[in-house]
Amino acid sequence: MLRAMLELSDMINLSTHRVNSLFRDDVKNLFHQQRLNVTPGFIVFGRSGIRFTFDYLIAKPETEIVIQTFNHLDRPNLATFLFGVDEVKAVREQISEKAFQPVALVNDEDTKVRGEFLEAFIDDSLTVN
């Protein structure tokens with residue numbers, strides 16, 4: 001019985017990871033179809049020296065757009081993203097001499113995004129799609 005429960009747990013975790021990967025692949029394919037030049041896996045250090053990774057970077061002449069995809073947005077994911085943006089924004093604007101624009105792409109196909117989470121993005125003047 002315990003073995004069956006462990007196997008079921010592994011299947012659930014794998015399934016969640018796979019769905020997240022599929023959503024990220026859909027986003028990547030959309031960028032490709034739109035002929036956007038994106039840098040995947042953009043790694044940057046914040047003002048505290050902590051390393052952050054964003055799923056994509058689109059570098060424009062006046063703006064750096066960092067994109068984070070969320071298959072499922074929950075409180076820990078939201079907090080980590082907002083903390084990362086706060087840590088990185090001033091550093092990137094000083095280094096690149098460009099505006100720093102964070103964007104969250106949330107998969108809301110199966111689960112509606114909670115209003116309080118959307119308000120947190122709006123309060124921080126972030127773009128959510």
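**Group meeting talk: a walk through a predicted chain**

Hi everyone, let's start with one residue: Asp74 is partly exposed, since its relative accessible area is 25%. You will find Asp74 in the loop between β3 and α2. Please keep in mind that this is a predicted model. Asp74 also has a partner in space: its C-alpha is 8.0 Å from that of Phe117, although 43 residues separate the two in sequence. Ala79, which sits in helix α2, has a similar story to tell. Its C-alpha and that of Ala120 are 9.4 Å apart, with their positions 41 residues apart along the chain. Ala79 is partly exposed, at a relative accessible area of 45%.

Now let's step back to the whole chain. How many helices and strands are there in the chain? There are 3 helices and 5 strands, and along the sequence they follow the pattern α-β-β-β-α-β-α-β. Of the 129 residues, 35% count as buried.

On to the inside. In soluble globular proteins, nonpolar side chains tend to be buried together. Here, the largest nonpolar core has 20 residues, and Phe54, Leu73, Leu78, Phe81 and Phe121 have the most contacts inside it. The elements giving two or more residues to this core are β1, β2, β3, α2, β4 and α3. Which of them gives the largest share? That is α2, with 5 residues. Apart from this core lies another one, of 10 residues, including Phe23, Val27, Phe31 and Ile65.

Next, the charges. The structure holds 6 salt bridges, and I'll show you a few. Arg24 and Asp55 meet through their side chains at 3.5 Å, N to O. Arg24 belongs to helix α1 and Asp55 to strand β2, so this pair ties together parts that are 31 residues apart in sequence. Is Asp55 buried or exposed? Asp55 is buried, with a relative accessible area of 12%, whereas Arg24 is partly exposed at 28%.

Another salt bridge joins Glu64 and Arg92, at 2.6 Å, N to O. Because Glu64 lies in strand β3 and Arg92 in helix α2, the pair links parts 28 residues apart in sequence. Both Glu64 and Arg92 are buried.

Lys89 and Glu93 form a salt bridge too, at 2.9 Å. They are 4 residues apart in helix α2, so about one helical turn separates them. Arg75, Arg114 and Glu116, meanwhile, are linked in a network of salt bridges.

Last stop, the surface: Asp25, Asp26, Asp108, Glu109 and Asp110 gather there in a patch of negative charge. Of these, Asp108 lies in the loop between β4 and α3. Thanks for listening!

How values were computed:
Residues are numbered from 1 along each chain as its sequence is written. This is a predicted model: local features need pLDDT of at least 70, side-chain atom pairs count only at pLDDT 80 or more; totals for chains, interfaces and linings use all residues. Side-chain values use heavy atoms; hydrogens and water are left out. Patches are made of residues with over 30% relative accessible area and no salt bridge: like charges are joined within 9 Å, nonpolar side chains (Val, Leu, Ile, Met, Phe, Trp, Tyr) within 5 Å. Accessible areas come from the Shrake-Rupley method with a 1.4 Å probe; for residues, only the protein chains shown count as cover. A salt bridge is a side-chain nitrogen of Lys or Arg within 4 Å of a carboxyl oxygen of Asp or Glu. Lys and Arg count as positive and Asp and Glu as negative; His and the chain ends are not counted. The place of a charge is taken as NZ of Lys, CZ of Arg, CG of Asp or CD of Glu. A nonpolar core is a set of buried Ala, Val, Leu, Ile, Met, Phe, Trp, Tyr and Cys residues joined through side-chain atoms within 4.5 Å. Buried means under 20% relative accessible area, exposed over 50%, partly exposed in between (1.4 Å probe, protein chains only).
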